[in-house]
Amino acid sequence: MAKFKIATPAGASFTTAKVTYDYEKQALDLAGIDYEIVEGPMNEEAFIEVARDCDALYAKGMPITKKIIDSLTKCQTITLGSVGVDSVDVTAATAKGIPVTNCPDTFIEEVADHCLMLLLGCHRDVTGQDQLVRDGRWREGRTPLLQMPRLMGQTLGLVAFGHVARAVAKRAKPFGLIIKAYDPFIEELVMIEHGVLPVSLAEVMACDFVSMHAPATPEAQAMLKEQHFKMMKKTAFFINVGRGATVDEAALIKALTEG
């Protein structure tokens, strides 16, 4: 029996493919650790039975609740492969003396690429133009294309200015966008160093494109509410590549339906 037991939920919430842990095993083998990775069911009660005596818990695919954490008898660390730690009850882990670690550089470039893809797709009405072509009505697309404003000189507002937002700013600048950002936890000089204007949240919401990048911390829960969406231009686009919980979705839907 291995000396070091790593417990983890059997799968991730976003895939049905079997997880092989090849990358994790490479690092563990290189370190010469005598280990075993044990998968538990994606169910709180059943997972507790598997994880109770683990030395480390690899969190993925399901919430790691206070109940699970309180059941751990010798766990030394709870580790996430993601940037966010909102799936783990960090308060409960801290109270039990178990550190919670994340991977702050995971998918930064990919998320930034996705954000800019959404921005360009919205601006050029890619889905609408694509449908016209598929319907054999491609000539009808010329008129709306000619009516689209030039992207250069428009404003992009970033809510939060972490790693992804900075990568988005780097990609957006060559398109001639004027970039503004709001983040009360980041020094304004940091934004200026990236060629970004530090502004208030109201000024960000008044931009032509508003991109949400806030993490799902307790302070940021439902951060953007109805009054914020009312600040937006009727022609503006809202992009969220941060956490869904940072936006009051009912307020967003109301803002959209009321035009």
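Are Tyr 21 and Tyr 58 buried or exposed? In this predicted model, Tyr 21 and Tyr 58 are both buried. The report begins with the whole chain, goes on to one sheet and its central features, and then returns to the rings.

**Overall make-up**

The protein has 259 residues, and 37% of them are buried. Its secondary structure consists of 12 helices and 10 strands. Along the principal axes, the C-alpha atoms fill a box of roughly 70 × 45 × 35 Å. Of the contacts between residues at least 6 apart in sequence, 54% join residues at least 24 apart.

**The sheet of five strands**

Five of the strands make an open sheet with parallel pairing, in the order E8-E7-E6-E9-E10. Strands E8 (197-198) and E10 are at the edges with a single partner strand each, so one side of each has no neighbour in the sheet. Strands of a sheet pair through backbone hydrogen bonds, and the pairing may be parallel or antiparallel.

Strand E6 (residues 155-159) has two partners in this sheet. To strand E7 (residues 178-182), E6 is joined by 5 bridges, and the two run parallel. The chain gets from E6 to E7 by way of helix H8, in a β-α-β crossover that is right-handed. Strand E9 is joined to E6 by 4 bridges, and this pair also runs parallel.

The table gives residues of E6 and the residues that stand opposite them.

| Residue in E6 | Residue opposite | Strand of the opposite residue |
|---|---|---|
| Leu 158 | Ala 181 | E7 |
| Val 159 | Tyr 182 | E7 |
| Val 159 | Met 212 | E9 |

Why is strand E6 described as largely enclosed by the rest of the structure? The reason is that 5 of the 5 residues of E6 are buried. In a regular strand the side chains alternate between the two faces of the sheet. In E6, Thr 155, Gly 157 and Val 159 are on one side, Leu 156 and Leu 158 are on the other, and all are buried, which leaves both faces covered.

**Helix H8 and Arg 171**

Helix H8 covers residues 163-172 and includes Arg 171. The side chain of Arg 171 makes a polar contact of 2.6 Å with the side chain of Glu 109. Leaving aside neighbours within four places in sequence, Arg 171 is in contact with Glu 109, Ala 112, Asp 113 and Leu 116.

**Aromatic rings**

The model has 3 aromatic pairs. One of them is formed by Tyr 21 and Tyr 58, with 6.4 Å from centre to centre and 65° between the planes, and is edge-to-face. This pair links distant parts of the chain, 37 residues apart: Tyr 21 is in the loop between strand E1 (4-9) and helix H1 (22-30), while Tyr 58 is in strand E3 (residues 56-59). Tyr 21 and Tyr 58 are buried, as stated at the start.

Phe 209 and Phe 237 also pair: their ring centres are 5.7 Å apart and their planes are at 15°, so this pair is stacked. Because Phe 209 lies in strand E9 (residues 209-212) and Phe 237 in strand E10 (residues 237-240), the pair ties together parts that are 28 residues apart in sequence. Phe 209 has a relative accessibility of 1% and so counts as buried. Phe 237, with a relative accessible area of 28%, is partly exposed.

The ring of Tyr 58 has a further partner. The charged end of Lys 60 sits over this ring, 5.4 Å from the centre of the Tyr 58 ring.

Technical notes: Residues are numbered from 1 along each chain as its sequence is written. This is a predicted model: local features need pLDDT of at least 70, side-chain atom pairs count only at pLDDT 80 or more; totals for chains, interfaces and linings use all residues. Side-chain values use heavy atoms; hydrogens and water are left out. Rings of Phe, Tyr and Trp (its six-membered ring) pair if their centres lie within 6.5 Å; planes under 30 degrees apart count as stacked, over 60 as edge-to-face and the rest as tilted. Buried means under 20% relative accessible area, exposed over 50%, partly exposed in between (1.4 Å probe, protein chains only). A charge sits over a ring if NZ of Lys or CZ of Arg is within 6 Å of the ring centre and within 35 degrees of the ring normal. A polar contact is a pair of N or O atoms within 3.5 Å; within protein, one must be able to donate a hydrogen and the other to accept it, and residues adjacent in sequence count only if both atoms are side-chain atoms. Contact means heavy atoms within 4.5 Å. Two strands pair if DSSP finds at least two bridges between them. A crossover is right-handed if, with the strands pointing away from the viewer, the path from the first strand over the helix to the second runs clockwise.
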